[in-house]
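User: I would like to go through this model with you. Could we start with the terms you use?

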Amino acid sequence: MDTHPGLLDFRWYGGRLSVNFTATLGKRGPEPVERLRTPDDLSRWCHEASLSEGPLPDATTRTLTQARHLREALYRALTGAPGPADLDTVSAWSSRSLPGPRLAVGENGTATLERPQLHLTGDLLTLVARDGVDLLTGPHAHRVRECAAPDCTLLFVDESRPGRRRWCSMDTCGARAKMQGYRARRAR
Ligand SMILES: [Zn+2]
């Protein structure tokens, strides 16, 4: 259920920023659900992903197009079927330079950390791409899975010790599968 009329809720079951970003296109297949329909959707996603504090980051039609392009490149990379152009796309975004942490004089004259506030959607896409690079080259690279519900298609990082997680969420697809299993057993 959408909480705001006309606005689609985002999905946050992926366990990683880059994986949650791929979830902005839902039910991948013949009739996918595009959750990044307007630049405002992109701003809202960045805000809900806690990528920026304060006012919503500015997004334009151009950054929206770039965001979808990056998203699909990340999706193919995470599902193990990237083309060279996809890896170039992710790399181009991840290697952009961003303002880094700085030292400032704090109370008692000691040095304190000052984190820069990023407000440009392009900079925020760089953070998403860097998370993707980190994930693809880290210990969980082979733990990116697709939800077992046939119509769901959401990706998640399986961080369970046995590595047998099947559902994007036990509250949605997992609960539905449990209920279907129960009904099937009762029918027999
Ligand atoms: Zn699911």
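Analyst: Certainly. A residue is called buried when its relative accessible area is under 20%. The model itself is predicted.

User: What share of the 188 residues in the protein is buried?

Analyst: Buried residues account for 40% of the 188. The protein exposes about 11300 Å², of which carbon and sulfur atoms supply 53%.

User: And the fold: how many helices and strands does the protein have?

Analyst: There are 6 helices and 6 strands. Read from the N terminus, their order is α-β-β-α-α-α-β-β-α-β-β-α. The C-alpha trace spans about 75 × 40 × 40 Å along its principal axes.

User: Now the metal. Which residues coordinate the zinc ion?

Analyst: The zinc ion is bound through the SG atoms of Cys147, Cys152, Cys168 and Cys173, at 2.3 to 2.4 Å. In sequence these donor residues follow the spacing C-x4-C-x15-C-x4-C. Cys152 lies in the loop between strand S5 (144–146) and strand S6 (155–157), while Cys168, 16 residues apart from it, lies in the loop between S6 and helix H6 (173–187). The pair thus links distant parts of the chain.

User: Why is the arrangement around the zinc ion tetrahedral?

Analyst: Because the 4 donor atoms subtend angles of 106 to 115°, and the tetrahedral class requires all angles to lie between 85 and 135 degrees.

User: Are Cys152 and Cys168 buried or exposed?

Analyst: Cys152 is buried, at 8% relative accessible area. Cys168 also counts as buried, with 4% relative accessibility.

User: Last topic, charges: how many positive and negative side chains are there?

Analyst: The protein has 27 positive and 22 negative side chains, and the centres of these two sets are 10 Å apart.

Notes:
Residues are numbered from 1 along each chain as its sequence is written. This is a predicted model: local features need pLDDT of at least 70, side-chain atom pairs count only at pLDDT 80 or more; totals for chains, interfaces and linings use all residues. Side-chain values use heavy atoms; hydrogens and water are left out. Donors are N, O and S atoms within 2.8 Å of the metal (3.2 Å for Na, K and Ca); water is not among the atoms, so sites may look incomplete. Four donors count as tetrahedral if all angles lie between 85 and 135 degrees; four count as square planar and six as octahedral if opposite donors are over 155 degrees apart and all others between 65 and 115; anything else is irregular. Helices (H or I, at least four residues) and strands (E, at least two) are DSSP runs, numbered from the N terminus. Buried means under 20% relative accessible area, exposed over 50%, partly exposed in between (1.4 Å probe, protein chains only). Accessible areas come from the Shrake-Rupley method with a 1.4 Å probe; for residues, only the protein chains shown count as cover. Lys and Arg count as positive and Asp and Glu as negative; His and the chain ends are not counted. The place of a charge is taken as NZ of Lys, CZ of Arg, CG of Asp or CD of Glu.
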